2 protein chains.
Amino acid sequence: MQYTAAMARGDDDLGIVDALAQLSFAVQGMLARRASAYDLSMIQTRLLGVLRDREPTMQELARLLGLDKSSVSGLVDRAQRRGLVQRTPALDDRRAVRVKLTSSGRRIVDTVATRFSSDIASVTGSLSAPDTKQLSRLATRVVREYDGSAPVTDGQSRP
Amino acid sequence: MQYTAAMARGDDDLGIVDALAQLSFAVQGMLARRASAYDLSMIQTRLLGVLRDREPTMQELARLLGLDKSSVSGLVDRAQRRGLVQRTPALDDRRAVRVKLTSSGRRIVDTVATRFSSDIASVTGSLSAPDTKQLSRLATRVVREYDGSAPVTDGQSRP
DNA sequence: GTTATTAGTTCGTCCCGCGTACTAATGTAG
DNA sequence: CTACATTAGTACGCGGGACGAACTAATAAC
């Protein structure tokens, strides 16, 4: 018999493990839902998100997304086929290409980001302003702790 | 130039949107990492997790995971091939099957859950006990708000 | 008792990720 | 300057994963 922790807790608290786990699924679900309005998968959305303020080479993109470079080839292929990104030759290295958003891609990622923000606002709307601030701060501290201890992560996780 | 909100904020606060988004990626990353030790994808892990305290039919499983029933067929096929779950005929309905964990599947999902819990503990370790409690409570409230507002795509009209 | 609905599977199609093998350009000896 | 290694990117095969459409079998509804 387990779940003793849950039984010792009020129903207004899932416990830190389940609360964070379920919250992560909820947040990802909101983002996925907004992206799916444009037929964007999660990884396509992350790609566009990363490109909002960068024009990386395929190599850098692979590192930013935590993927193999061969995976990025196909990913960019499909995004390019849909007119969301474009490849341009790198100026200084004739082997390399730079990937950048098209205007259509930028418009879409901006829209998805805006709608996602309003989802977050909506779902935190029942919290008081100080509570929201507190949640934001605590979440930030956890993220920082994670970034500080986890080796392979990028930093730009959101579209 | 954007990001004015970030500039108006201290560096110890990403803002509620980015904080929750990045937190969700961090949490999912921890879970994915623990699961990958057993060559489990995220969806396979969710499958095992759902089965910890249930023996649903394929139909119910599809609803629980938010997948099409045809997707669940393949998912369970692969899990069964690896000896993680088994199909048993439902007692009351000869069309239906019930899916349950094998002992091997249970052992694995329990281990993954335990390790994931310790990851969460580690990453919230720098928070004081009251702060952790507060984070847990706030996250729970947000999750409840989400569950309460998110329509589960059913759209099925009852005649 | 015929018809409609429901539970599951199968199949074709696409996306996604990896590893391997390949080409082309750049670096590094000597 | 010529070899050789390294780096950037692509191509291809494989398997997992998700969907919708078409199908069988059992149940429910008329």
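**Exercise 1. The surface near DNA strand C**

Describe the surface near DNA strand C by residue class, and state which helices supply it.

*Solution.* Begin with the classes: in this predicted model, the residues of the surface near DNA strand C divide into six nonpolar, nine polar and eight charged. Next, count and name the neighbours: 23 residues surround DNA strand C, and the closest are Ser41(A), Ser70(A), Thr57(B), Met58(B) and Ser70(B). Then assign the surface to secondary structure: α3 and α5 of chain A, together with α4 (58-65) and α5 of chain B, each supply at least two residues. Finally, look for the largest share, which is that of α5(A), with five residues.

**Exercise 2. The surface near DNA strand D**

Carry out the analysis for DNA strand D, and find which helix gives the largest share of the surface near that strand.

*Solution.* The neighbours of DNA strand D number 23, and of these Thr57(A), Gln59(A), Ser70(A), Ser41(B) and Ser70(B) come nearest. At least two residues each are supplied by α4 (58-65) and α5 (69-81) of chain A and by α3 (42-51) and α5 (69-81) of chain B. The largest share of this surface belongs to α5(B), which provides five residues. Sorted by class, the surface near DNA strand D contains six nonpolar, nine polar and eight charged residues.

**Exercise 3. The relation between the two protein chains**

Determine which rotation and shift superpose chain A on chain B, and what kind of axis this implies.

*Solution.* Take the superposition to begin with: chain A is brought onto chain B by a rotation of 179° with a shift of 0.2 Å along the axis, and the RMSD is 0.3 Å. That is the relation of a two-fold axis. To place the axis within the protein, look for the residue of chain A that comes closest to it, which is Ser24(A), at 2.0 Å from its C-alpha. As a last step, compare the interface residues of the two chains: 95% of those in chain A are also interface residues in chain B, so the copies meet through the same surface.

**Exercise 4. The interface of chains A and B**

Work out how many residues of each chain take part in the contact, and which helix of chain A gives the most to it.

*Solution.* The contact joins 37 residues of chain A with 37 residues of chain B. On the chain A side, α2, α6 (103-123) and α7 (129-149) each supply at least two residues, and α7(A) gives the most, with 14 residues. By class, this side of chain A has 18 nonpolar, 12 polar and seven charged residues.

Now turn to one helix pair within the assembly. Two packed helices are described by the angle between their axes and the distance between the axes. For α2(A) and α2(B) the angle is about 115° and the axes are 8 Å apart, and the crossing of α2(A) past α2(B) is left-handed. The contact is made by Leu20(A), Ala21(A), Leu23(A), Ser24(A), Val27(A) and Gln28(A) on one helix, and by Leu20(B), Ala21(B), Leu23(B), Ser24(B), Val27(B) and Gln28(B) on the other. The residues of this helix contact divide into eight nonpolar, four polar and no charged. Ser24(A), which takes part in this contact, is also the residue of chain A that comes closest to the rotation axis.

**Exercise 5. Asp39 in both chains**

Examine the backbone of Asp39(A) and of Asp39(B), and decide whether each residue is buried or exposed.

*Solution.* Start with the backbone angle: phi of Asp39(A) is near 60° and phi of Asp39(B) is near 55°, in each case a positive value in a residue other than glycine. Then locate the residues: Asp39(A) lies in the loop between α2 (16-36) and α3 (42-50) of chain A, while Asp39(B) lies in the loop between α2 (16-36) and α3 of chain B. For the surroundings, the cut-off for an exposed residue is 12 or fewer other C-beta atoms within 10 Å. Asp39(A) has 8 such atoms and is therefore exposed, and Asp39(B), with 8 C-beta neighbours inside 10 Å, also counts as exposed.

**Exercise 6. The overall fold of chain A**

State how many helices and strands chain A has, and in what pattern they follow along the sequence.

*Solution.* Chain A has seven helices and two strands, and along the sequence they follow the pattern α-α-α-α-α-β-β-α-α. Of its 159 residues, 34% count as buried.

Terms used. Residues are numbered from 1 along each chain as its sequence is written. Chains are lettered from A and ligands numbered from 1 in the order in which they are written. This is a predicted model: local features need pLDDT of at least 70, side-chain atom pairs count only at pLDDT 80 or more; totals for chains, interfaces and linings use all residues. Copies are superposed by least squares on the C-alpha atoms of residues with pLDDT of at least 70 in both. Two residues are in contact if their C-beta atoms, placed from the backbone, lie within 7 Å. A residue is near a molecule or strand if its C-beta atom, placed from the backbone, lies within 6 Å of it. Helices (H or I, at least four residues) and strands (E, at least two) are DSSP runs, numbered from the N terminus. Ala, Val, Leu, Ile, Met, Phe, Trp, Tyr, Cys and Pro count as nonpolar, Asp, Glu, Lys and Arg as charged, and the others, Gly among them, as polar. A residue is buried if 20 or more other C-beta atoms lie within 10 Å of its own, exposed if 12 or fewer, and partly exposed in between; C-beta atoms are placed from the backbone. Axes are lines fitted to C-alpha atoms, for helices over the stretch in contact, and angles run from 0 to 180 degrees between N-to-C directions. A crossing is left-handed if the near helix is turned anticlockwise from the far one by less than a right angle, and right-handed if clockwise.
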